[in-house]
Amino acid sequence: MGTAENYEEVLKGKYPAKAHAKKVADWIVAKGGDKNGTIYLEAQKNRLLEDNDEAAPFRQRRFFYYLSGCNLADSYLTYDIPSEKLTLFIPPIEPEEVIWSGLPMTVEEAKEKYDVDEVKTTKDVNSHLASTSTSAQSTIFAIPEQISDDITFLSYKQKSFDLLKLAIETCRVTKSDYEVALLRKANAVSTAGHIAVMKAGPQARNETELEAVFLKSCLERNAKNQSYHSIVAAGENGATLHYTPNDAPIDKQNLLLLDAGCEWDNYCADITRTFPLKGSFTEESLAIYKIVLEMQRQTIAVLKGGILWDGVHELAHKVLIDGLLKLGILKGDADEILKQRTSVAFMPHGLGHYLGMDTHDTGGNANYKDTDSLFKYLRVRGNLPAKSVVTVEPGCYFCRFIIEPYLKDEAHKKFIDEKVLERYWSVGGVRIEDNILITEEGYENLTTTPKEIDEVLAIVKGE
């Protein structure tokens, strides 16, 4: 596994498209799929904005990228399972387009850049599909809603539209060394952005300024895409889990919750830090920060390959309950509070999710129909395999909309001291989120963003 010191060296190599293709093919065959079949995938199409001749923002299809490492639009690929031959098809040179957009990548350049066996132009896709030596007696594996109208699979005996998507989603859970290096890079660039925002906090007049600081920091490091829309939430806005307006004035709020991460070659960082805007916590905000930091410390400490994620999430709630009992926000027996799920009022979301090419990455097997409120929004269920990457993002929130119904519910209100709670509404929310690589024996934290209290305060104060 590439270490923190050498990820830049790892990234000098090629994205391991052929290894990924074989991994996916092996999964399909293990599930009873045709060992003589062909995998077929399409890139995202270039599209124009509605009523406009400008291109819409482009985001490569992750299924295609996983087997190609190619960010070109309007491209295709095939992988012949028996021969393990990966063929990429890229758009040909169109003179009319060159006038406006310059020369596109050539077949020769693509063969040099990507980890594939052969590169052809998109004019050759149908003839290639028809001429595959085993096609007449074999199966084509594709994703049904991602097949262009002009593509034909007539030469294939069988068509399978149910295995490929699931195969890729499952295989993406465990990461290759190259993928881990991409995640390290995304984390390193995003960390610089978080530190820049901490430094800018004392002078900020509104949330938008701080969003701009983060984006600028990423852009000047050549990370031009964000993993998701940043959450830049001052004060009580931090109680909204996916707050996105990012435009409120900053005046007397104590905390800023920044949930932001960039992409590096389509791989996502997802980092949250909460810090005092002017460089000093209130008594209440510091107490909540310490609880959340302890939640994260204890849950990360137990991670290793094979651990049941549901249990780690429950551990986070146990630490939260203990902390809120000490503050007097909760009262009564800790076991009873957990049994009644009263702590869900303060942390309604799951502890984390898989991370990769999507922020909420594939393979988590969430069960949003779960009637147990403790686990309903948990995005990963089951055991974490080694080489998976998961976010660990405990939080504690004081959202009136969520908590007030608990104060009116007989099953919960006896556990909550309303008078003590009243002092904490202004805290808003505290969340601390790191990206963790699961190993056979333990874990490695890919996120180096400062979070210890003394470290954070020193940065904000410019010390």
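Angles over 145 degrees between N-to-C directions count as roughly antiparallel. In this predicted model, helix α10 (residues 283-301) and helix α11 (residues 309-327) pack at an angle of about 150 degrees, and α10 and α11 are therefore roughly antiparallel to each other. A second helix pair, α2 and α7, crosses at roughly 120 degrees. The briefing also covers an open sheet of 6 strands, the pairing of strand β15 with β12 and with β16, and the pairing of β7 with β8.

**Helix pair α10 and α11**

- The axes of α10 and α11 lie 9 Å apart, and their crossing is right-handed.
- On the α10 side, the contact is made by Ala287, Ile288, Ile291, Glu294, Met295, Gln298 and Thr299.
- These residues meet Val312, Leu315, Ala316, Val319, Leu320, Gly323, Leu324 and Leu327 in α11.
- By class, the residues of the contact of α10 with α11 comprise 11 nonpolar, 3 polar and 1 charged.

**Open sheet with strands β1 to β6**

- The open sheet has 6 strands in the order β4-β3-β2-β1-β5-β6, and its pairing is mixed.
- Strands β4 and β6 (158-160) are the edge strands, each of which pairs on one side only.
- On average, and with direction ignored, neighbouring strands of this sheet are turned by 20 degrees against each other.
- Helix α2 (residues 17-30) packs on the sheet and touches β1 (38-42), β2, β3 and β5 (139-141).
- The direction of α2 makes about 125 degrees with that of β1.

**Strand β3 and its partners**

- In strand β3 (residues 85-90), 5 of the 6 residues are buried, so β3 is largely enclosed by the rest of the structure.
- Strand β2 (residues 76-80) pairs with β3 in the antiparallel sense over 5 bridges, and Thr78 stands opposite Thr87 in β3.
- The hairpin of β2 and β3 has 4 residues between the strands, and in this hairpin Glu84 takes a positive phi near 55 degrees.
- With strand β4 (residues 118-121), β3 pairs in the parallel sense over 4 bridges.
- Two bridge partners in β4 can be named: Val119 is the partner of Leu88, and Thr121 is the partner of Ile90.

**Helix pair α2 and α7**

- The axes of α2 and helix α7 (residues 164-171) come within 9 Å and cross at roughly 120 degrees.
- Helices α2 and α7 are therefore oblique to each other, and their crossing is right-handed.
- Helix α2 contributes Lys23, Val24, Trp27 and Ile28 to the contact, while α7 contributes Leu164, Leu166, Ala167, Ile168, Thr170 and Cys171.
- The contact of α2 with α7 has 8 nonpolar, 1 polar and 1 charged residues.

**Strand β15 and its partners**

- Strand β15 (residues 434-438) is mostly covered, with 5 of its 5 residues buried.
- Both faces of β15 are covered: Asp434, Ile436 and Ile438 are buried on one side, and Asn435 and Leu437 are buried on the other.
- Strand β12 (residues 389-392) and β15 run antiparallel and are joined by 4 bridges; Val390 stands opposite Ile436 in β15.
- Strand β16 (residues 443-445) also pairs with β15 in the antiparallel sense, over 3 bridges; here Leu437 stands opposite Glu444 in β16.
- A hairpin is formed by β15 and β16, with 4 residues between them.

**Strands β7 and β8**

- Strand β7 (residues 231-234) has both faces covered: Ile231 and Ala233 on one side, and Val232 and Ala234 on the other, are all buried.
- The pairing of β7 with strand β8 (residues 255-260) is antiparallel and extends over 4 bridges.
- Within this pairing, Ile231 stands opposite Asp259 in β8.

**Residue Lys461**

- Lys461 lies in helix α16 (residues 453-461).
- With a relative accessibility of 47%, Lys461 counts as partly exposed.
- Although Lys461 and Pro276 are 185 residues apart in sequence, their C-alpha atoms are 9.9 Å apart in space.

Technical notes:
Residues are numbered from 1 along each chain as its sequence is written. This is a predicted model: local features need pLDDT of at least 70, side-chain atom pairs count only at pLDDT 80 or more; totals for chains, interfaces and linings use all residues. Side-chain values use heavy atoms; hydrogens and water are left out. Axes are lines fitted to C-alpha atoms, for helices over the stretch in contact, and angles run from 0 to 180 degrees between N-to-C directions. Angles under 35 degrees count as roughly parallel, over 145 as roughly antiparallel, 65 to 115 as roughly perpendicular and the rest as oblique. A crossing is left-handed if the near helix is turned anticlockwise from the far one by less than a right angle, and right-handed if clockwise. Contact means heavy atoms within 4.5 Å. Ala, Val, Leu, Ile, Met, Phe, Trp, Tyr, Cys and Pro count as nonpolar, Asp, Glu, Lys and Arg as charged, and the others, Gly among them, as polar. Buried means under 20% relative accessible area, exposed over 50%, partly exposed in between (1.4 Å probe, protein chains only). Two strands pair if DSSP finds at least two bridges between them.
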